[in-house]
Amino acid sequence: MKDHTIRPELREWILTTTRDGHSAQDVLRLMKEAGYSGDQSRHIVARVLNIPVATLTLSTGKRPHGRRTRHPAPPLQVIGDRAVRVTLSVDTPVIRVLEGLLSDQECDELIAQSRPRLQRSLTVDVDGRHQTDERRTSQGMFFRNGETPLVQRIEQRIASLLDVPTDHGEGLQILHYLPGQEYEPHYDWFDPSQPGFEAITARGGQRIASVVMYLNTPEEGGGTAFPALGLTVTALRGSAVYFAYETGDEASLHAGLPVTRGEKWIATKWLRERPYKP
């Protein structure tokens with residue numbers, strides 16, 4: 001379908017609906033109810049949201065729609081005692097830079113609590129187990145959900161900001177990067193074509209969003225890059241980058257760039273479409 005065949009009003013409605021936290025599947029369902037054919041609506045949504053057509057299917061009703069996050073609207077979100085500034089807003093893919101999500105004291109405490117437990121960083125293999133990966137050269141550790149009062153407070157802040165229950169989050173991961181260490185370009189969503197997809201998603205469904213929180217400011221390097229956009233988010237202490245995605249969203253490709261001077265500490269929270277049972 002040619003781009004010029006999409007009416008501006010329809011394009012804006014799709015973007016507004018997804019910005020409000022509805023999934024691409026929700027958009028397809030609403031378009032079907034409005035009289036669009038399945039094939040027509042899939043091509044329109046794929047083009048507007050810049051995602052592969054093959055990842056979009058109309059729900060058969062056999063599997064419930066999963067939860068989706070609410071995307072923080074600029075310029076300011078007040079969550080409890082924190083005033084979080086939304087200093088960058090991208091619609092496709094959905095990206096928000098959140099300044100002031102964590103206090104300096106919270107950053108220091110997370111580093112102190114995690115430092116004794118650091119090990120070679122792990123990724124998730126096709127069977128849902130954690131494994132070492134040559135693409136990720138940092139050290140890291142996981143907190144259990146709600147493991148400490150500090151972790152519980154941060155998890156609740158994220159849940160309130162994104163309008164998703166705390167039990168939809170995986171355990172908070174802390175990563176420590178030294179000069180030269182990085183995490184090469186990758187996707188956070190799980191690939192349905194991989195043989196272990198069902199095992200990975202059995203405990204909470206697909207990942208739907210990520211929050212990367214910067215616990216310090218590296219002297220040089222260490223930002224989060226989105227190659228499809230030519231965008232790099234600077235790692236600044238207390239700030240975070242939030243991004244949401246659908247399965248197969250190639251524009252959500254991102255990387256933890258190498259630290260060239262100093263060190264980098266981050267905390268990452270992955271969110272699932274259903275309650276996560278580790």
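Visitor: How do helix α1 and helix α2 pack, in angle and in distance between their axes?
Guide: In this predicted model, α1 (residues 8-19) packs against α2 (residues 24-33) at an angle of about 135°, and their axes are 10 Å apart. The axes here are lines fitted to C-alpha atoms, for helices over the stretch in contact, with angles from 0 to 180 degrees between N-to-C directions. Helices (H or I, at least four residues) and strands (E, at least two) are DSSP runs numbered from the N terminus.

Visitor: Why is α1 called oblique to α2?
Guide: Under 35 degrees counts as roughly parallel, over 145 as roughly antiparallel, 65 to 115 as roughly perpendicular, and the rest as oblique. The angle of about 135° is in none of the named ranges, so α1 is oblique to α2.

Visitor: Which residues of α1 and α2 meet?
Guide: From α1 come Leu-10, Trp-13, Ile-14, Thr-17 and Thr-18, and from α2 come Val-27, Leu-30 and Met-31. Contact means heavy atoms within 4.5 Å. By class, six of these residues are nonpolar, two are polar and none is charged. The classes put Ala, Val, Leu, Ile, Met, Phe, Trp, Tyr, Cys and Pro as nonpolar, Asp, Glu, Lys and Arg as charged, and the others, Gly among them, as polar.

Visitor: What makes α1 roughly perpendicular to α3?
Guide: The axes of α1 and α3 (residues 38-49) come within 10 Å and cross at roughly 70°. That angle is in the perpendicular range, so α1 is roughly perpendicular to α3. The contact is made by Leu-10, Arg-11, Ile-14, Leu-15 and Thr-18 of α1 with Ile-44, Val-45, Val-48 and Leu-49 of α3. By class, the contact of α1 with α3 has seven nonpolar residues, one polar and one charged.

Visitor: What should I know about how these values were obtained?
Guide: Local features need pLDDT of at least 70, side-chain atom pairs count only at pLDDT 80 or more, and totals for chains, interfaces and linings use all residues of this predicted model. Residues are numbered from 1 along each chain as its sequence is written, and side-chain values use heavy atoms, with hydrogens and water left out.

Visitor: Does Lys-269 count as buried or exposed, and why?
Guide: Buried means under 20% relative accessible area, exposed over 50%, and partly exposed in between (1.4 Å probe, protein chains only). Lys-269 has 3% relative accessibility, so this lysine counts as buried. Lys-269 belongs to strand β17 (residues 264-272).

Visitor: Which side chain is joined to that of Lys-269 by a polar contact?
Guide: The side chain of Glu-155 is, at 2.9 Å. A polar contact is a pair of N or O atoms within 3.5 Å; within protein, one must be able to donate a hydrogen and the other to accept it, and residues adjacent in sequence count only if both atoms are side-chain atoms. A polar atom of the Lys-269 side chain also lies 2.5 Å from the backbone oxygen of Glu-170. Not counting residues up to four places away in sequence, Lys-269 touches residues including Asn-145, Ile-158, Leu-172 and Met-213.

Visitor: Where is Asp-249 placed?
Guide: Asp-249 is in the loop between β14 (240-244) and β15 (254-256). With 5% relative accessibility, Asp-249 counts as buried. The side chain of Asp-249 reaches the backbone nitrogen of Ala-251 at 3.1 Å. Asp-249 also touches Tyr-187, Trp-189 and Pro-93, among others. Between Asp-249 and Tyr-187, the C-alpha to C-alpha separation is 8.4 Å, with their positions 62 residues apart in sequence.

Visitor: What kind of peptide bond runs from Thr-92 to Pro-93?
Guide: That bond is cis, with omega near -5°, and Pro-93 is in the loop between β2 (82-90) and β3 (94-99). A cis peptide bond also joins Pro-74 and Pro-75, where omega is about 5°.

Visitor: Why is Asp-163 called partly exposed?
Guide: Its relative accessible area is 38%, which lies between the two cut-offs, so Asp-163 is partly exposed. Phi of Asp-163 is near 55°, a positive value in a residue other than glycine.

Visitor: How do you know that His-186 is buried?
Guide: The relative accessible area of His-186 is 6%, so this histidine is buried. The side chain of His-186 reaches the backbone oxygen of Glu-184 at 2.8 Å, and a polar contact of 3.5 Å joins the side chains of His-186 and Asp-188.
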